[in-house]
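Hi there,

Here is the structure I promised to pass on to you. Have a look at it first, and then read my notes underneath.

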Amino acid sequence: MTGGNRSEFRLNGAGYRYPGRADWAVRDVTLTIAPGERIGLIGPNGSGKSTLLKLLSGFLRPQQGEVQLNGSPVESMAAWQLAQQVAVVPQSVQFIFPFTVREIVAMGRLPRRLARSESWKNWLGGLPVSAGWSAEGRDDRVAVQAALADMELEPIADRSVLELSGGERQKVLLARALAQHPAILLLDEPTAALDWHHQSVVYRRVRALNEEQGATVVLVSHDLNLAALFARRLVLLDGGRIRRIGSPDEVLTQAELDALYAQSVVVDRHPSADAPRVTLKP
Amino acid sequence: MVTRRWAPARLLFLTVLLLGGSILAALSWGSVAISWRAMPTLFWQWVSGVPLSPPAMVLWEIRLPRILLAGLIGGVLAVVGASLQALLRNALADPYVLGVSSGAALGAVVGGLVSHSLHEASVTLFLCAFAGSLLTLVLLYRISSVHGLLPVQTLLLAGVVINAIFSALVLFAVALVEPSRLFGLLSWLMGSIGSADYRIVGLLFLYSLVGLILLLGRAEQLNLLTLGDESARSLGVEPERLKRLIFVVTALLTGAVVSLSGMIGFIGMMVPHALRLLIGPDHRLLLPASAVIGAAFLILADLLARSLLAPTELPVGVITALLGGPFFLYLLWQRRQGAITGD
Amino acid sequence: MPASVPSVRWLLACLLATGGLIADSNQAAAGAELQLGPSGPITVIDDAGRSVALPRMARRIISLAPSVTELLFTLDAGDAVVAVTQACNYPPAALTKPRLGFASSAVEQMVLLRPDLVVGVVGMVKPVTIEALSRAQIPLLLLEAKSPGDVYRHIRWLGQATGRLVDADRLITHLEAQREALAARLKGVEPVSVLYVINDHPLVTVGPSTFIHHLIELAGGRNIAASATGAYPQFSLEAVLMADPDVILFPGSGALQISDTQRRFWDRWPTLRAVQHGKLAVVDTDLMDRPGPRLFEAAWRLAQLLHPDRMAQSTDGGPSW
């Protein structure tokens, strides 16, 4: 965890096209994400939100333009280097083997240990002997415990993840990201399967991470209301391009949403927060 | 419900006990029983360079190298199986699912058609089989690589196809082989640890050591790989690089083992699978445990293969299948009783 | 005398003929025989359990095994042989006979040759061939020899099929004489333990139900695999070391010598008596593996290997034709 987060994402005309597809999933995206920002990526289905997030996480390499983290292109960074700073909560994970919740969360500590073994390797002249057989240390256990507590996962900490509900799984994935102590947190639809209480828990925790530890949070969500409540800046995507960037008030206007969502929603004000509210038309 | 797992200490104790016990049993039993009491004297005989008595000969020149070879092969197959189960994200994968073994079999049989000096322990057979496995490795890679990526589903499918085609070709070639050469070939195809000597054991050990270290040293990365490419990458593991490494290392190890001893089945799938149910899926424990238990398992299977119908020897592949199947059923049944949801 | 009453002479003649035929059938060793009368074919149950109608006087016979070829020629029925296999190399006259090809082409050849009898060995003739011959209504006789008695039975069958019953009987008598001569020579001798190596890797030897096993016993030997299961068991090296055979035999043809690789392999086990005394020998498979007329010659040669002192006493009683 970096106290004084200075990690900045910069995208210059970034674009990506999935192999074998004619159309671009993301196109001409130019965007700067400042350290400590809370930014939401929103848009209709297929607008490229998840793809854009994957470009940020380095999982996909841009075929157009550049994606930079602190001035260096993300694609030139090794995965373990990236993982020192960036944590990802993917949309869904298919668990095959019966790891316990605790074990999955503990995997979030691996990047730090990998970094240590990488420095070892340099010292040993780059021998690719081991890059992943290490035991957990005390600080690892502390971090894991804290993450479990934050996400209210302690009661099921020793259960197999194969037995969890969809919502519980999402919480586990977030706990794993939290244990990573990242400078930047990328979230892809992190609350899709959660009930109100757990959605609230998630958003409070992520917000605390941002406000107390200065972590940058990039959130992909199709839930416009939660994006409006949580993010300070919203990026509205349409067909892979940025349609609008601005504060929730600026972006979530009736005009914009009518155009994008075929006049199916009505925009008004949230009763207790200073944010727009979007509701489905009857 | 808390997942029940064996504590590492208990596991360590039991696996070492099992391996040690199986080695001792295999040394003592066989077509002729050699009592444990007699072993120290026989050991001194061997070390002191005196001409050996028949029991000493049997013990040190036949049984021990065979036990060592069986242990090595069993351990390698189990680790390979575990790694492939992680790579392919499938708990039923085994070292032969990708077809490398059928390639080795095809190489062996084609060699049998061409060469005259082909028998179970011949270098020619080994080289032909190994060449077959290498070619299959390349073929698999070519077929499955898509835009420089190695999608797991494609790999699996390619393996199934190759297995089918090559198995058919093997049968075709066997039909053409001269009956006088069939003995050696068929025995090899069914899996046998027949002619072991210290040189072979040593060579295989050195060869496998590299591969085993590469795999065991990446145990945690394997853990991550089972979560999917995206999760793995976000936690610092390059999935494509790791997949390629596992693919190549496991193929090379499988190729060597199969070229040496034919298709000894079931260990590669059953040992890691059963162990995972008992000690959990963390590869830091699973890989070493698989190595040790795989070794013990094949040592015992080979012991049975040469003692059940003594003095006749059965192919060890038959024994592994007969032992493995029912035991696995039993384990599954036990787990079903206590499981809430199926895995 | 009334015409309906048969004359005594006629009755006596019938009785004699029947009696002779019954006596003949009593001499058969194993395998049931049903006589259907002097003019019809004889039906036998062959060694594969099949009911085969043997022709009375076969003029076109196909032999599917070297031992069968040898038997037919010895019975002076060589002229009736119209085709043999690639392996049939004795007697020299057999080499002039047309040779069958492999697998399915062989079946076609066989059918086109219009034989009245095909003789083969149990387990060596593919089911497809058996099927095809049966559909073409060509009698197929399958033989399996495990002991000399079996060979005698085969001689009788072939004698009947070729109308050479007298030659058959003579041959059997001759072979029995050879057997007695050998037995007399080896009387009271201590059996020598033998390992017969059919295949080196894996080590495969002969089980107690095989012909070679019986040959070994006839020659005054004792097969160390006498207690094994199966006809060609894969034997453990351990068992060989513990049984410590006096002699190790390898089948071979052509240059009857052990190859260097073989020698190097067996030299690894100096505790073996056979290795210490250099008692590793190659025996001619053309002789050993043919349950035919030369079977006692094979046994004699084998006995010479196993008991050289006993067999070298005199030159009489050796194999002769």
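**What I found**

The domain assignment splits chain C into domain 1, covering 17-177, and domain 2, covering 190-311. Please keep in mind that this is a predicted model.

How do the two domains of chain C touch? On one side, 15 residues of domain 1 of chain C take part, and they are in contact with 12 residues of domain 2 of chain C. On the domain 1 side, the elements that give two or more residues are α2, α5 and α6 of chain C. Of these, α2(C) gives the most, with 5 residues. If you sort the residues on this side of domain 1 by type, you get 8 nonpolar, 4 polar and 3 charged.

Helix α6 of chain C deserves a visit of its own. This helix runs over residues 165-185, which makes 21 residues. From its first C-alpha to its last, α6(C) reaches 30 Å, close to the 30 Å expected at 1.5 Å a residue.

Which residues of α6(C) are buried? They are C:Ala168, C:Leu171, C:Gln178 and C:Leu182. These residues sit on the same side of α6(C), because they cover an arc of only 85° around the axis. Turn to the other side of α6(C) and you will find C:Val166, C:Thr173, C:Glu180, C:Ala183 and C:Ala184, which are exposed. The cover over the buried residues of α6(C) includes α2 (66-74), α5 (148-162), α7 (211-218) and α12 (295-306) of chain C.

Next, try the place where chains A and B meet. Here 34 residues of chain B are in contact with 34 residues of chain A. On the chain B side, α8 (198-216), α9 (219-225) and α10 (229-234) each supply at least two residues. The biggest share comes from α9(B), with 5 residues. By type, the chain B side divides into 12 nonpolar, 12 polar and 10 charged residues.

Finally, there is a sheet to trace in chain A. This open sheet has 4 strands in the order β2-β1-β4-β5, with antiparallel pairing. Strands of a sheet pair through backbone hydrogen bonds, either parallel or antiparallel. In chain A, the edge strands are β2 (26-33) and β5 (72-73), and each pairs on one side only. Strand β4 (residues 64-69) of chain A is joined to β5(A) by 2 bridges, and the two run antiparallel. To find the spot, look for A:Gln68, which stands opposite A:Pro73 in β5(A).

Enjoy exploring!

Best wishes

Methods. Residues are numbered from 1 along each chain as its sequence is written. Chains are lettered from A and ligands numbered from 1 in the order in which they are written. This is a predicted model: local features need pLDDT of at least 70, side-chain atom pairs count only at pLDDT 80 or more; totals for chains, interfaces and linings use all residues. The expected span of a helix is 1.5 Å times one less than its number of residues. A residue is buried if 20 or more other C-beta atoms lie within 10 Å of its own, exposed if 12 or fewer, and partly exposed in between; C-beta atoms are placed from the backbone. The arc is that of the directions from the helix axis to the C-beta atoms. Two residues are in contact if their C-beta atoms, placed from the backbone, lie within 7 Å. Ala, Val, Leu, Ile, Met, Phe, Trp, Tyr, Cys and Pro count as nonpolar, Asp, Glu, Lys and Arg as charged, and the others, Gly among them, as polar. Domain bounds come from an automatic or database domain assignment. Two strands pair if DSSP finds at least two bridges between them.
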